[in-house]
Amino acid sequence: MARMKFYCDAERCIECNACVTACKNENDIPWGVNRRRVVTIKDGEQGERSLSVACMHCSDAPCAVVCPVDCFYTTGDGIVLHDKDICIGCGYCFYACPFGAPQFPKDAAFASRGKMDKCTFCAGGPEEDSSSEEFKKYGRNRLSEGKLPLCAEMCSTKALLAGDADVIADIYRKRVVNRGASAFNWGVSSDIKG
Amino acid sequence: MRIQTLLLLFCLVLPQLSPAAGPPTNQDFPQGVSSISPGSELWREIRQRDGAILEGTSQVKSVDSGVLINARGEEWARFRVTKLSSYGGIAIAAIFVIVILLYVVRGKILIDGGLSGRMVRRFTDYERIVHWTLAIVFLFLAITGLILLLGKPLLIPLFGKEVFSVFASASKEGHNLFGPLFLVSLVMMFLSFARRNIYEKGDLTWLLKGGGIIGDGHVSGGFFNMGEKTWYWMVILIGFVIAISGLILVSPVFGQGRWIMELSHVVHTIGALILITVSVGHMYLGSIGSEGAMEGMKSGYVDINWADAHHDRWGKVCHDENLIVSAEEYARLQGRKPGDSGELATEQGK
């Protein structure tokens with residue numbers, strides 16, 4: 001069984017936000033909900049880095065630990081999904097998540113939260129694969145079509161990788177080896193120019 | 001680049017130049033070889049290992065969207081699951097055990113000489129409305145809150161996720177909707193009872209005598225005794241903290257970050273668990289635990305013997321100012337004919 005993972009290469013991400021846009025478009029995400037976002041650290045300073053971040057599909061996911069109605073489940077591919085029919089929109093998963101992945105559409109009255117929405121690794125939800133119901137609730141199920149998440153598939157610099165953890169790790173290892181001409185670099189571009 | 005290559009070469013060659021045989025030790029490199037990844041510090045900051053939060057920026061504008069990793073979240077999640085729900089559940093189970101034991105061992109606290117049937121006014125209608133509004137709202141919020149806190153370990157195994165989700169959803173909506181009413185009734189409670197709950201001389205004696213739970217004799221008390229006053233101030237102060245933290249939790253529209261929400265949640269839950277636990281004791285002593293106590297909040301009148309036994313200083317005032325109404329008058333006030341129905345008539349017949 002594969003173990004699905006995202007990996008974002010901070011040496012390659014150029015903060016183009018195409019992954020965010022692709023995700024929104026592919027999964028028909030409403031305004032105010034962002035399953036993926038790009039965070040830039042030290043913007044405009046030396047050592048600036050950007051990273052695209054969404055649900056990282058943790059092995060021991062804090063969202064699942066804290067969920068009061070136990071709506072999370074992990075698929076055989078190691079993807080953390082949730083059942084919107086069970087979710088009550090309490091917001092606890094958002095507080096627990098290290099990556100700020102869970103999103104909440106604003107419901108009508110008293111600004112209360114709607115049902116949680118998050119990255120599904122383009123794997124839909126508990127409904128029948130690629131059904132219209134599944135699409136309405138969870139977005140596209142690309143995995144059932146043999147495709148990987150669109151955010152990673154169309155990343156122009158191939159900074160964002162998605163797929164089996166072993167394969168991703170292998171690709172990254174090769175990159176680090178090729179990149180690290182100097183022992184002082186350790187796979188991260190050096191501040192020293194010379 | 002050339003300097004780096006030379007340095008690297010130097011580092012690699014250095015051990016060979018060392019006169020000491022065997023593997024190199026720290027003494028061979030007095031200056032040490034700096035081989036820290038330039039990225040390690042950055043990632044450590046992002047991972048918030050030192051507690052400091054490194055804020056970035058994002059095109060996505062939402063709460064905490066610039067924070068890459070929220071290290072506190074997991075701590076909070078584990079705390080909620082392993083500490084709050086387990087210790088909370090134990091505390092509530094324990095208070096029920098204590099109350100049952102108290103009932104079995106100590107029994108109902110009876111009034112010396114029984115009930116007289118002659119009553120004295122203790123609470124006005126408005127005061128009783130305030131009490132019962134707060135009580136009903138409190139009970140509703142306690143039950144819905146406990147469903148959300150303890151439902152996963154206790155109710156899901158019984159009903160399954162689908163059924164429990166309906167309960168939990170209703171609990172969440174009800175809790176959010178009626179929560180603000182708790183603050184309103186709390187303010188009403190504060191305004192109508194605060195003055196009589198100020199601690200006074202004699203309260204310490206009551207505490208030292210264990211409030212009459214230990215031993216047989218009734219302990220001297222004023223209109224409210226020390227235990228009631230403490231419960232009152234617990235409700236007011238902890239209740240206020242619960243109400244404010246609840247309002248923070250229920251309105252995620254003011255841009256409050258996750259850390260504030262986590263803190264509010266923990267404060268809200270601990271405060272609520274304390275009040276729920278103590279409220280079980282209050283409910284016991286106000287009903288089956290103490291003879292004649294329930295009458296005060298039911299009709300607004302209490303038996304003069306009950307007043308003398310539990311609140312002798314107030315009872316004395318009632319005697320002095322001649323506030324006692326006869327059984328017949330009391331029945332008339334309650335809209336019943338004398339000897340009509342209810343336990344009062346039975347008391348008269350004795």
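Two strands count as paired here if DSSP finds at least two bridges between them. That is the test to keep in mind for the spot where the chains of this predicted model share a sheet. Strand S2 of chain A, residues 37-41, meets S1 of chain B in the antiparallel sense, with 2 bridges between them. One pairing can be pinned to residues: A:Thr40 has B:Thr57, in S1(B), as its bridge partner.

Zooming out from that pair, the sheet is an open one of 3 strands, running S3(A)-S2(A)-S1(B) with antiparallel pairing. Its edges are taken by S3 of chain A (49-53) and S1 of chain B, each of which pairs on one side only. So much for the strands; the rest of the interface comes next.

On the contact count, 49 residues of chain B touch 41 residues of chain A. The chain B side draws two or more residues from each of a list of elements: helices H1 (2-17), H2 (38-46), H3 (71-105), H4 (125-154), H6 (161-193) and H9 (258-286), along with strand S1 (57-58). As for chemistry, that side of chain B splits into 22 nonpolar, 17 polar and 10 charged residues.

Two of the helices on that list, H4 and H9 of chain B, also pack against each other. Their axes sit 11 Å apart, at an angle of about 120°. Angles of 65 to 115 degrees would count as roughly perpendicular and those over 145 as roughly antiparallel, and H4(B) and H9(B) are therefore oblique to each other. The crossing of H4(B) past H9(B) is left-handed. On the H4(B) side, the contact is made by B:Phe138, B:Ala142, B:Gly145 and B:Leu149, while H9(B) brings in B:Thr269, B:Ala272, B:Ile276 and B:Ser279. By residue class, this helix-helix contact comes to 5 nonpolar and 3 polar residues, with no charged ones.

Now for chain A on its own terms. The chain holds 6 helices and 6 strands. Read from the N terminus, the elements of chain A go β-α-β-β-α-β-β-α-α-α-β-α. Chain A has 194 residues, and 44% of them count as buried. Contacts in the chain also reach along the sequence: taking those between residues at least 6 apart, 53% join residues that are at least 24 apart.

Notes. Residues numbered from 1 in each chain as written. Chains lettered and ligands numbered in written order. Predicted model: local features only at pLDDT ≥ 70, side-chain atom pairs only at ≥ 80, totals over all residues. Contact = placed C-beta atoms within 7 Å. Helix = DSSP H or I, 4+ residues; strand = E, 2+ residues; numbered from the N terminus. Nonpolar A, V, L, I, M, F, W, Y, C, P; charged D, E, K, R; others polar. Axes fitted to C-alpha atoms, helices over the stretch in contact; angles between N-to-C directions. Parallel < 35°, antiparallel > 145°, perpendicular 65-115°, else oblique. Left-handed = near helix turned anticlockwise from the far one by under 90°. Buried ≥ 20, exposed ≤ 12 C-beta atoms within 10 Å, placed from the backbone.
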